[in-house]
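Subject: Structure for your review

Hello,

Here is the structure, with the sequence alongside. My notes on what was found in it follow below.

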Amino acid sequence: YSWGKTGRIVFSLAKELKAQGITAGQRVGILSVNGEAWIFYFFALQILGAQTVLLNTALSDDEIMRNIELTEIHYLFYGEGYRRSFEELMRRMGLVCMRSSYLGSLKMKAPERWEEAELPSEEAVASVSPHEVCCFLFTSGTTKASKAVMLTHYNLVNNAGAIAAALRWQPDDRMCVAVPFFHCFGLTACILTGLRTGFPLYVLTHYRTVQVCAMLQEHRCTILNGVPSMFLAMRHNLSHAEYDLSSVRSGVIAGSPIFENDYYDICKMFQKDIRLQPSYGQTESSPCITVVDYEDELQRKANCVGKAIEHIELRVVDEESGRLCLTGERGMIQTRGYHVMKGYYAMPEETAEAITSDGWLITGDIGFLDEKGYLHIAGRKKNLIIRGGENISPEEIEYYIRQIEGVELVKVMGIPAAILQEEIAACIVATRKDITKQRVVAELKKYLADYKIPRYIFFLNEIEKLASGKVDEKKLFNIILRKVKEES
């Protein structure tokens, strides 16, 4: 599809959706894997001034239901790629009708009959302020409940422009899209940069190493974005050497920290002067905050996440005193500008904790600025596990394990892993012998997505605590590493 034909399809679809009752300001869910239909529906809903709720197909029924109830959606459009039964989910959706303004679910339809439609007049487009909510994306908090991040048109379109400018993308580039559209990385750094710049998108429904390599070779793609675990999976899969990847000249690598040597190894897969630019951000910032300068040498790219993008502010603050940190001094990373979210939907207290009264977003990450203004990530204050680029709340997993009768104490932690970068480990103190690893996994699968299920489950006689009563995480971490080594 050309961008022009996409426009005709999108306007025709918008007319049909309007006839079905969708109006400006309504919240409309999209539940589907990557594909042309996802893009058509997303843009058609924007034309109507609706607010899209982007749902993750990898989540369990319970997680999807919680996100739907949280955002009080009016409609749900669903497509392909859901791992369980759509019929079962639709049946459960009936329960939501009684508790919210939900009106109906509709299957995404094939677009053939819309392709020859004429573009309507400007009056057909809803009058929507750039500062109104464009979409809701979900982020793991440090509690059981996920949070719905509200991003505006102003947030997203400007952030996409900043990314494209920093990477020097041009209309003759070709992007291979292997990250999901329902994450901010896929929406802003892929779909919207393509729209703003005019280059084509070659879209994969799911990330598969060999399929990515085949796509890059067949279409001579020049851009590949991804989280470190995606690139590492390619590097560790020896079959990548069978493909010609020399067309790739640039891309964004972001979503989790990466070790220096891993970065060098990844770059070796592509052309010698590859511009694979490390970047830092989060959903709450649309997502990009920093990116490494295009002409920076490889060593600098491997050791930092770059400078603040244009037209935003970045600072590192001492948590105790609130003063600005000195060069090289670690503190809380904060940012301010057009890219900061409108807030968390229906969570005023959490929004007030995340954004200061004068507009600074508190990222929850620890870092420092060097003498040239480059940001270095030193750790996380938020108690999150980042597995394959997905943010996972240990407390959410602990909550469901504690529901199992006979579980006395549980602690979930992230441990280093070669490709996914972190794996999930759960340590359990149980009072009953019939609580097994298999039972724990079976219980968790009722409520959580597969990627949140612990890879390692260990049963301990006790979990040592500090004098404060908190778990001695350092000692427990070393115990887990020893047990993992023994197991392997």
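Thr188 touches Leu156, Asn159, Ala160, Ile163, Thr193, Ser286 and Pro287, leaving out residues up to four places away in sequence. Please keep in mind throughout that this is a predicted model. The side chain of Thr188 has a polar atom 2.8 Å from the backbone oxygen of Ser286. With a relative accessible area of 0%, Thr188 is buried, because the cut-off for buried is under 20%.

Thr188 is part of helix α6. Of the 14 residues of α6, 12 are buried, so this helix is largely enclosed by the rest of the structure. Among the buried ones are Cys184, Phe185, Gly186, Leu187 and Ala189 towards the start of the list, and Ile191, Leu192, Thr193, Gly194 and Thr197 further on. After α6 comes Gly198, which has a positive phi, near 100°.

Helix α6 also takes part in the second largest pocket. The volume of this pocket is about 460 Å³. Its lining consists of 21 residues, and those nearest the centre are Val10, Phe43, Gln46, Ile47 and Leu195. Two or more lining residues come from each of α1 (3-19), α2, α5 (153-167) and α6 (184-197). The largest contribution is that of α1, with five residues. Sorted by class, the lining of the second largest pocket holds 15 nonpolar and six polar residues, and no charged ones.

Next, the nonpolar cores. The largest has 141 residues, and Leu216, Phe270 and Ile401 have the most contacts inside it. Helix α2 (residues 36-47) supplies the largest share of this core, nine residues. A second core, separate from that one, has 13 residues, including Ile415, Phe458, Leu460 and Ile463. As background, nonpolar side chains in soluble globular proteins tend to be buried together.

To return to Ile401: leaving aside neighbours within four places in sequence, this residue is in contact with Val407, Val410, Val412, Ala426, Ile428, Val440 and Leu444.

Two polar residues are also worth listing.

Gln421 sits in the loop that joins β21 (407-416) and β22 (422-430). Is Gln421 buried or exposed? Its relative accessibility is 14%, so Gln421 counts as buried. The side chain of Gln421 reaches the backbone oxygen of Pro257 at 2.5 Å. Pro257 is also one of the residues in contact with Gln421 once neighbours within four places in sequence are set aside; the others are Pro228, Ser229, Leu232, Ser256, Ile258, Ile415 and Pro416. Ile415 therefore links two parts of these notes, because this contact of Gln421 belongs to the second core, a set of buried residues.

Asn391 belongs to strand β20 (residues 390-392). At a relative accessible area of 28%, Asn391 is partly exposed. Which residues does Asn391 touch, not counting those up to four places away in sequence? They are Ser140, Leu384, Ile385 and Ile386. Asn391 and Ser140 are 251 residues apart along the chain, yet their C-alpha atoms are separated by 5.9 Å.

Regards

Notes: Residues are numbered from 1 along each chain as its sequence is written. This is a predicted model: local features need pLDDT of at least 70, side-chain atom pairs count only at pLDDT 80 or more; totals for chains, interfaces and linings use all residues. Side-chain values use heavy atoms; hydrogens and water are left out. Helices (H or I, at least four residues) and strands (E, at least two) are DSSP runs, numbered from the N terminus. Buried means under 20% relative accessible area, exposed over 50%, partly exposed in between (1.4 Å probe, protein chains only). A polar contact is a pair of N or O atoms within 3.5 Å; within protein, one must be able to donate a hydrogen and the other to accept it, and residues adjacent in sequence count only if both atoms are side-chain atoms. Contact means heavy atoms within 4.5 Å. A nonpolar core is a set of buried Ala, Val, Leu, Ile, Met, Phe, Trp, Tyr and Cys residues joined through side-chain atoms within 4.5 Å. On a 1 Å grid over the protein atoms alone, a cavity is a set of points where a 1.4 Å probe fits but cannot get out, and a pocket is an open set with protein on both sides within 12 Å along at least five of seven lines; lining residues have an atom within 4 Å of a point. Grid points are joined across faces, edges and corners, and a volume is the space filled by probe spheres set on the points. Ala, Val, Leu, Ile, Met, Phe, Trp, Tyr, Cys and Pro count as nonpolar, Asp, Glu, Lys and Arg as charged, and the others, Gly among them, as polar.
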